[in-house]
Amino acid sequence: MWKGLHETGGGLLIVAGLLYLVDFALLIVLGNPPSEGALLLKSIAPQSTYQITIIIFFVIDAMLVPAAAALYIVLREVNATYAMVGGVFALVALTVDLVNSVVAYSVIGLGSSYAAATSEASKAAYAVTAEFVLGVSYGVGTRFFMILFSLAIVITSAVMLKGRFGKVAGYLGLVAGALGIIGGLGGFIPLVIFWPVWFVAAGVKLYKLGRP
């Protein structure tokens, strides 16, 4: 019934992990966004890199949805309850981040409107809106996503340790999840750099499990 599930889920995790590393490199090039609305809109308007990073994150989230479902189906044989909890946490977190990406993408339109505005009042309104959007997406939304998805990784990895996944992917997930929770609570986003490592490790193992 689930023919090809391991290969598909594993492949999606591997690609998602590699795309995450690409996006992290782009974010390093961009640097932290200015917190002041006018500066933010001025810096974003001429840059296509910002648009590319958001699109990549959206694609990654979309890929991780079926990958999370595949992990649940495979891991439910080990512990159905914890596999389901981890899967639900992951899907809720990914839904939040998909919405978060759409909200963040709206800043690009605000940047264009700000550049075309002819009055100071209009520019001020766009700047205030940009600050609000940044606070919601980059602040609250991103941190909530980090914490919830990291919890999903921790729970899923704990189940992996008791199944056929072996110790490497399981322990990597526990480390990646724990650091992600700390990063989310403290607002230190770079700590999720261990996520893609776990994606690739879990993806490779899941893919191999489906091979004859």
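Are Tyr 20 and Phe 57 buried or exposed? Both are buried. The points below start from this pair. Note that the model is predicted.

1. **The Tyr 20 and Phe 57 pair.** A pair of aromatic rings is described by the distance of the centres and the angle of the planes. For Tyr 20 and Phe 57, the ring centres are 5.7 Å apart. Their planes stand at 70 degrees. Planes over 60 degrees apart count as edge-to-face, so Tyr 20 and Phe 57 form an edge-to-face pair. The structure holds 9 aromatic pairs, counted over the model.

2. **What the pair links.** Tyr 20 sits in helix H1, which covers residues 5–30. Phe 57 sits in helix H3, residues 49–116. The two residues are 37 apart along the chain, and the pair links distant parts of it.

3. **H1 against H3.** These helices pack with their axes 8 Å apart. The angle between them is about 155 degrees. Angles over 145 degrees count as roughly antiparallel, so H1 is roughly antiparallel to H3. By class, their contact has 25 nonpolar, 4 polar and 1 charged residues. The crossing of H1 and H3 is left-handed.

4. **The aromatic cluster.** Tyr 20 and Phe 57 belong to one aromatic cluster. Its other members are Phe 24, Phe 145, Phe 149, Trp 195, Trp 198 and Phe 199. Look for several of these names again at the contact of H4 with H6: Phe 145 and Phe 149 on the H4 side, and Trp 195, Trp 198 and Phe 199 on the H6 side.

5. **H4 against H6.** Helix H4 spans residues 120–160, and helix H6 spans residues 194–209. Their axes come within 12 Å and cross at roughly 35 degrees. This crossing is left-handed. From H4, the contact residues are Phe 145, Met 146, Phe 149, Ser 150, Ile 153, Thr 156, Ser 157 and Met 160. From H6 they are Trp 195, Trp 198, Phe 199 and Ala 202. The contact of H4 with H6 divides into 9 nonpolar and 3 polar residues, with no charged ones.

6. **Pro 196.** This proline is in helix H6. Its relative accessible area is 1%, so Pro 196 is buried. Which residues does Pro 196 contact, leaving aside its neighbours within four places in sequence? They are Gly 17, Tyr 20, Leu 21 and Phe 24. Tyr 20 and Phe 24 are also members of the aromatic cluster. The C-alpha atom of Pro 196 is 7.3 Å from that of Ala 16, although 180 residues separate the two along the chain.

7. **H2 against H4.** Helix H2 covers residues 37–44. Its axis and that of H4 come within 7 Å and cross at roughly 85 degrees. H2 and H4 are therefore roughly perpendicular to each other. H2 brings Gly 37, Ala 38, Leu 40 and Leu 41 to the contact. H4 brings Tyr 126, Ala 127, Ala 130, Glu 131 and Leu 134. The classes for H2 with H4 are 7 nonpolar, 1 polar and 1 charged residues.

8. **Thr 142.** This threonine lies in helix H4. Is Thr 142 buried or exposed? Thr 142 has a relative accessible area of 14%. Under 20% counts as buried, so Thr 142 is buried. Leaving aside neighbours within four places in sequence, Thr 142 is in contact with Asn 100, Ser 137 and Ile 189.

Methods
Residues are numbered from 1 along each chain as its sequence is written. This is a predicted model: local features need pLDDT of at least 70, side-chain atom pairs count only at pLDDT 80 or more; totals for chains, interfaces and linings use all residues. Side-chain values use heavy atoms; hydrogens and water are left out. Axes are lines fitted to C-alpha atoms, for helices over the stretch in contact, and angles run from 0 to 180 degrees between N-to-C directions. Helices (H or I, at least four residues) and strands (E, at least two) are DSSP runs, numbered from the N terminus. A crossing is left-handed if the near helix is turned anticlockwise from the far one by less than a right angle, and right-handed if clockwise. Contact means heavy atoms within 4.5 Å. Ala, Val, Leu, Ile, Met, Phe, Trp, Tyr, Cys and Pro count as nonpolar, Asp, Glu, Lys and Arg as charged, and the others, Gly among them, as polar. Angles under 35 degrees count as roughly parallel, over 145 as roughly antiparallel, 65 to 115 as roughly perpendicular and the rest as oblique. Buried means under 20% relative accessible area, exposed over 50%, partly exposed in between (1.4 Å probe, protein chains only). Rings of Phe, Tyr and Trp (its six-membered ring) pair if their centres lie within 6.5 Å; planes under 30 degrees apart count as stacked, over 60 as edge-to-face and the rest as tilted.
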